[in-house]
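Trainee: I would like a close look at one helix pair in this model. Please keep to the geometry and the residues involved.

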Amino acid sequence: MTYTAGIAIILVFAVFAGRLSGANRLILPFVIFLSFCYAFVWLQTDEVQAGMVHFLTAAAAWVAGAYAASCVGRDGKSGKQFLYWVLATVLVQLVISVLQFAGLPLFPTNAATSELVGSRVNGSFSHPTALGKVLLLFLMVCLPFTRSIDRPARVAAWAVVAMSFPMLVLSGGRANFFSAVVMILLWTLLLPRGRAVASKVAIPLAMATIAFASAGVWAARFEEDPEGSTRQHFNEVAMALIPANPVAGTGPNTYITTAGPTDALTAQGWPVHNSALLASVEIGILGAVLLFLPLLIVFLLAWRQRRDDTKTGDFARAYVSALPGIALVALTGWGMMGDILCLWLFFAAFCYQQQLRVGNRGRPLATATTEPRAVTS
């Protein structure tokens with residue numbers, strides 16, 4: 001509900017401002033597909049209706065993210081305000097996580113989850129790995145601001161990075177932690193030649209130090225769950241379901257009721273731990289392609305612009321650095337298809353809009369329309 005309210009408010013501003021982006025065309029085929037299947041293919045049960053609300057909210061998040069990017073420039077007041085919002089959110093989560101680690105029963109998970117995760121912190125979210133996924137997305141969108149010409153913005157961006165890693169360790173999500181490390185290292189490697197030479201040495205050393213200091217945590221996690229629990233079993237269950245409805249799937253939010261009667265573990269409420277397979281079962285292969293295709297298009301644009309020594313290039317490098325790790329997280333868990341999907345599409349559209357050029361100037365659309373001209377060298 002928090003995400004839905006925030007997205008709705010941003011969309012109202014976008015409509016009244018008359019600044020809906022052309023980037024929205026990327027998500028439109030997915031919305032059309034959902035509408036068609038809901039009207040003519042899927043049974044209109046309560047669970048399908050709830051799933052439709054979820055996916056349409058995620059599509060609205062894409063629109064909201066593109067509009068938000070048009071209001072935020074990397075350098076200037078709007079960039080600082082955006083970063084301060086992210087920083088405040090991360091700080092709140094850090095305080096909650098520290099108190100949870102100290103033993104205070106804040107935002108406790110349900111009984112089944114609590115038995116599985118033990119003492120791992122979850123912030124204000126329903127699961128420790130959800131906290132890690134949100135932090136991954138925050139890292140992606142904050143990295144370009146570490147090269148802002150505005151010193152307070154740079155400090156705020158690095159503060160987000162610094163405060164995120166203790167929570168990534170304490171939440172115990174292996175894929176989340178290693179994806180964050182890979183993201184930071186790739187970002188450093190992709191920095192333009194001759195720039196931030198000290199950072200190219202200091203940042204890898206910092207990542208190595210963090211990994212070494214937390215090695216005991218990860219060793220314990222691998223010892224208690226060496227093979228990723230029952231992921232392979234869930235994958236086999238999901239793969240068996242796809243051939244029956246390969247194009248349109250069984251309907252959004254129907255995985256448990258579809259697979260539950262044939263699998264005891266699924267009947268307990270456990271979906272397949274793979275976001276691509278989960279989407280393929282519920283909305284079909286075509287629906288999954290239409291959902292994930294915009295994310296790949298953003299990556300292709302970012303790959304072409306990754307060498308640009310501009311603000312556009314910074315957002316391109318951040319997205320290129322983040323997508324491999326985020327893909328790993330999505331392919332080893334179902335959480336990216338849950339509440340996190342809205343935030344994922346929001347920040348993906350944010351990065352995409354920031355990469356759009358104006359004429360031949362090689363500057364992001366948002367910077368060209370909302371921020372003063374700034375020297376990036």
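Trainee: Is the crossing of α4 and α7 left-handed or right-handed?

Mentor: The model is predicted, so local features need pLDDT (the predictor's confidence in each residue, 0 to 100) of at least 70 and side-chain atom pairs 80 or more, while totals for chains, interfaces and linings use all residues. Residues are numbered from 1 along each chain as its sequence is written, and side-chain values use heavy atoms, without hydrogens and water. Mean pLDDT is 88, with 91% of residues at 70 or more.

The crossing of α4 and α7 is left-handed (the near helix turned anticlockwise from the far one by less than a right angle). The helices (DSSP runs of H or I, at least four residues) span residues 77–101 for α4 and 151–171 for α7. Their axes (lines fitted to C-alpha atoms over the stretch in contact) come within 9 Å and cross at roughly 25°. That angle makes α4 roughly parallel to α7, the term for angles under 35 degrees.

Contact (heavy atoms within 4.5 Å) involves, on α4, residues including Lys80, Leu83, Leu87, Gln93 and Phe101. On α7, Ala153, Val160, Met163, Ser164 and Leu170 are among them. The contact residues divide into 18 nonpolar, 3 polar and 1 charged; Ala, Val, Leu, Ile, Met, Phe, Trp, Tyr, Cys and Pro count as nonpolar, Asp, Glu, Lys and Arg as charged, the others as polar.

Elsewhere, pLDDT stays under 50 over residues 358–377. Where pLDDT is low, predicted coordinates should not be read in detail.

How values were computed
Axes are lines fitted to C-alpha atoms, for helices over the stretch in contact, and angles run from 0 to 180 degrees between N-to-C directions. Helices (H or I, at least four residues) and strands (E, at least two) are DSSP runs, numbered from the N terminus. Angles under 35 degrees count as roughly parallel, over 145 as roughly antiparallel, 65 to 115 as roughly perpendicular and the rest as oblique.
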